[in-house]
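Open the model in your viewer and keep the selection box ready. We will go stop by stop.

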Amino acid sequence: MIEEKIEENLLIPRDQYLAAGIHIGTQIKTLDMEPFIYRITKAGLYVIDIRKTDIRMRIASKFIAKYDPSKIVIVSARRYGHNPIQQFARLIGANAIAGRFIPGSLTNTTARSFVECDLLIITDPRADKQALKEAKIAKIPVIAFCDTDNNLANIDLCVPANNRGRKSLALIYWLITRTFLLEKGEIAKPEDFTTDINTFQSKVKVLSETGGDQQKIMEQLKETEELPLDEKEKAESSKERAMERALEEKVAEEEFEEEIEEEIEEEEIEEEEIEEEEIEEEIKEEKEIKEKKRKKASSEKKK
């Protein structure tokens, strides 16, 4: 009876949360994220409490609904988050920045990339650190989807969730869109939101072989006793496969994380070099102008 009551109070069926792997954390747990962790598997994987994710989803929706959508900015450096944030922004009338976040987009009013922002939503505090940094400078409130390895510094509202998985990110933004529209009164009931969740799912799959500790985790999770499900659910192989697929996608995305960060770092270094060249050029021009003025003044004195 208690489980049924909890099930009824969730925004979506518990099975749907589990199938998307929204509760699958990492092998790392920060002190900030400890209150949102349900348990740890024998494989050393931290599992997020779905009920707390659900509660925070509701709070986030109410918070977002207070703002003008045209001044809401959603950011995702992670490739699996690109399509979800674009769909979310399209349906509520907000602004999406998918991929690399150009420095100055929230702080430099003269920059081409500048966008007026009253509320920032980020997919991952670590991957979207530049946007988070600028939000702090501009004093913009921040909502962030946080995994077990994230820190909550400068974040106003954390929604605990798997922020790397393809299906998880699709569900996160599909659900936040639906609850936002309900809060705004644009739809009367959940059933009125007819946009298919697959619309939010990234079409590009990252194919990669897993190895080392990650491979061991996946092998151990294949055993039903390792799954964070009750006895009845452990017996259902379809749910186990869904868990495995969700973890595989998350592991694949994590393997690309370092590569993405390197690419961003290279681009930032390149930009800095260009800026330095421009500064040097300006200094050179100023020197030339001063030299011309000096020569002109000198020749006038001689006359």
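A residue counts as buried when its relative accessible area is under 20%, and as exposed when that area is over 50%. With that in hand, select Trp-174 and Phe-193: both are buried. Keep in mind throughout that this is a predicted model.

**The Trp-174 and Phe-193 pair comes later; start with the whole chain**

Show everything as a cartoon. The protein has 9 helices and 7 strands. Of its 303 residues, 45% count as buried. Now switch on the surface. Its accessible area comes to about 16,600 Å², and carbon and sulfur atoms account for 49% of that. Among contacts with a separation of 6 or more, 64% join residues 24 or more positions apart.

**Colour by confidence**

The mean pLDDT is 80, and 70% of the residues reach 70 or more. Where is confidence highest, and where is it lowest? Strand β5 (residues 119-122) is highest, at 98, while helix α7 (residues 212-221) is lowest, at a mean of 49. Next, select residues 1-6. Their pLDDT is below 50, and the stretch has 2 contacts in the model beyond near neighbours in sequence. Then select residues 218-229. Here, too, pLDDT stays under 50, yet the model has 32 contacts for this stretch beyond four places in sequence.

**Select Lys-62 and Glu-183**

Lys-62 sits in helix α3 (residues 50-64). Is Lys-62 buried, exposed or partly exposed? Its relative accessible area is 47%, so Lys-62 is partly exposed. Put a distance label between its C-alpha atom and that of Glu-183. The label should read 6.3 Å, although the two residues are 121 apart along the chain.

**Select Ser-76**

Move to strand β3 (residues 72-76), where Ser-76 is found. Ser-76 has 0% relative accessibility, so it counts as buried. Look for a polar atom of the Ser-76 side chain: it lies 3.0 Å from the backbone oxygen of Arg-78. Now show the residues around Ser-76. Leaving out those up to four places away in sequence, Ser-76 touches several residues, including Gly-81, His-82, Thr-123 and Asp-128.

**Select Cys-146 and Cys-158**

Why is there no bond between these two sulfurs? The sulfur of Cys-146 is 3.8 Å from that of Cys-158, its closest cysteine sulfur, and this is too far for a bond. The cut-off for a disulfide is 2.5 Å. Cys-158 is likewise in no disulfide. The count for the structure is 0 disulfides. Both cysteines are buried: Cys-146 has a relative accessible area of 0%, and Cys-158 has 4%.

**Select the aromatic rings**

The structure holds 4 aromatic pairs. Begin with Phe-88 and Tyr-173. Their ring centres are 5.8 Å apart and their planes meet at 40°, so this pair is tilted. Phe-88 belongs to helix α4 (residues 82-92) and Tyr-173 to helix α6 (residues 166-184), so follow the chain between them: the pair links distant parts, 85 residues apart. Phe-88 and Tyr-173 are both buried.

Return to Trp-174 and Phe-193. Their ring centres are 5.8 Å apart and their planes are at 50°, so this pair is tilted. Trp-174 lies in helix α6 and Phe-193 in the loop between α6 and α7, so the pair ties together parts 19 residues apart in sequence.

For the last stop, add Phe-145 to the selection of Phe-88 and Tyr-173. These three residues form one aromatic cluster.

How values were computed: Residues numbered from 1 in each chain as written. Heavy atoms only, no water. Helix = DSSP H or I, 4+ residues; strand = E, 2+ residues; numbered from the N terminus. Buried < 20%, exposed > 50% of the residue type's maximum accessible area, 1.4 Å probe, protein only. Contact = heavy atoms within 4.5 Å. Areas by Shrake-Rupley, 256 points an atom, 1.4 Å probe, with all protein chains shown as cover. pLDDT = per-residue confidence, 0-100. Polar contact = N/O pair within 3.5 Å; in protein donor to acceptor, adjacent residues only side chain to side chain. Phe/Tyr/Trp six-rings, centres within 6.5 Å; stacked < 30°, edge-to-face > 60°.
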